[in-house]
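Subject: Structure handover

Hi,

Here is the structure I promised to pass on. Please have it open while you read the notes below.

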Amino acid sequence: MTSEAFQAQTTVSRETVDRLTAYADLLCKWQPKINLVGPSTMGDVWRRHFLDSAQLWPLLPAGAKTLIDFGSGAGFPGLVLAIMGVPDVHLVESDQRKCAFMREAARAAGVSVTIHNKRIEAITAFPVDVVSSRALAALPQLLEFAAPFLAPHTVCLFPKGQNVEAELTDLNKIWTLRMDRQPSLTDADATILRLSEVRREQPADNV
């Protein structure tokens, strides 16, 4: 996929494409030194990483302002969503070198984000509108990470692969939620889960 094909499919502005192009150029420059993404994906970064991230945009709740992205790695999907217009994006990544890359990518793209170079559990929690994460952990663990940041209106956006059914089975034992599923635009075997009204099941009272 080219940047032109990406723009045609997402209908983003030329300015947004230019910002993403600066990001893509930096990714290509840093990748040989730091394993930021799977090497096999570098020949198709606009589809495998930029479109894969941008497809979450239509699933954001109306007026979403604050988004936290767990295990951001090279910035997918959180930094892409910041470039597309989410105003207050927090990128969480424990790897110092990947955080250095994201700082440079954000600077090159001319976008302001907050980068947390620490483990998720070490962050002082604050309520957010959106939680996102790509290829970090199974759903039960993702929701454990998300729990301190959840407000009644929070939406979780989690792209998942072909093991999603097993993860959902485990999830239902612990959590209640509303779930919408969307097919991925970039992987026929993948699904995007949009979770809302998320709350932990309370154990039954002992009688």
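What follows covers the sheet first and the aromatic rings after that.

Keep in mind that this is a predicted model.

The sheet
Seven strands form an open sheet with mixed pairing. Their order is 3-2-1-4-5-7-6. Strand 3 (114-116) and strand 6 (175-183) are the edge strands. Each has a single partner strand, so one side of each has no neighbour in the sheet. On average, neighbouring strands are turned by 20° against each other, direction ignored.

Strand 1 (residues 66-70) pairs with strand 4 (residues 130-133) in the parallel sense, over four bridges. There, Asp69 sits opposite Ser132 of strand 4.

Helix 7 (residues 164-171) lies across strand 5 (155-160), strand 6 and strand 7 (191-200). It runs at about 165° to strand 6.

The rings
The count of aromatic pairs is 10. One of them joins Phe6 and Trp46. Their ring centres are 5.2 Å apart and their planes stand at 55°; between the cut-offs of 30 and 60 degrees, the pair therefore counts as tilted. Phe6 belongs to helix 1 (residues 3-10) and Trp46 to helix 3 (residues 45-54). The two are 40 residues apart, so this pair links distant parts of the chain. Both residues are buried.

Trp46 also pairs with Phe50. Here the centres are 4.9 Å apart and the planes at 35°, so this pair is tilted too. Both residues lie in helix 3, four residues apart, about one turn of the helix. Phe50 is buried, as is Trp46.

Ring pairs join Phe6, Tyr23, Trp30, Trp46, Phe50, Phe76 and Phe101 into a cluster.

Best wishes

Methods
Residues numbered from 1 in each chain as written. Predicted model: local features only at pLDDT ≥ 70, side-chain atom pairs only at ≥ 80, totals over all residues. Heavy atoms only, no water. Pairing = 2+ DSSP bridges. Axes fitted to C-alpha atoms, helices over the stretch in contact; angles between N-to-C directions. Contact = heavy atoms within 4.5 Å. Phe/Tyr/Trp six-rings, centres within 6.5 Å; stacked < 30°, edge-to-face > 60°. Buried < 20%, exposed > 50% of the residue type's maximum accessible area, 1.4 Å probe, protein only.
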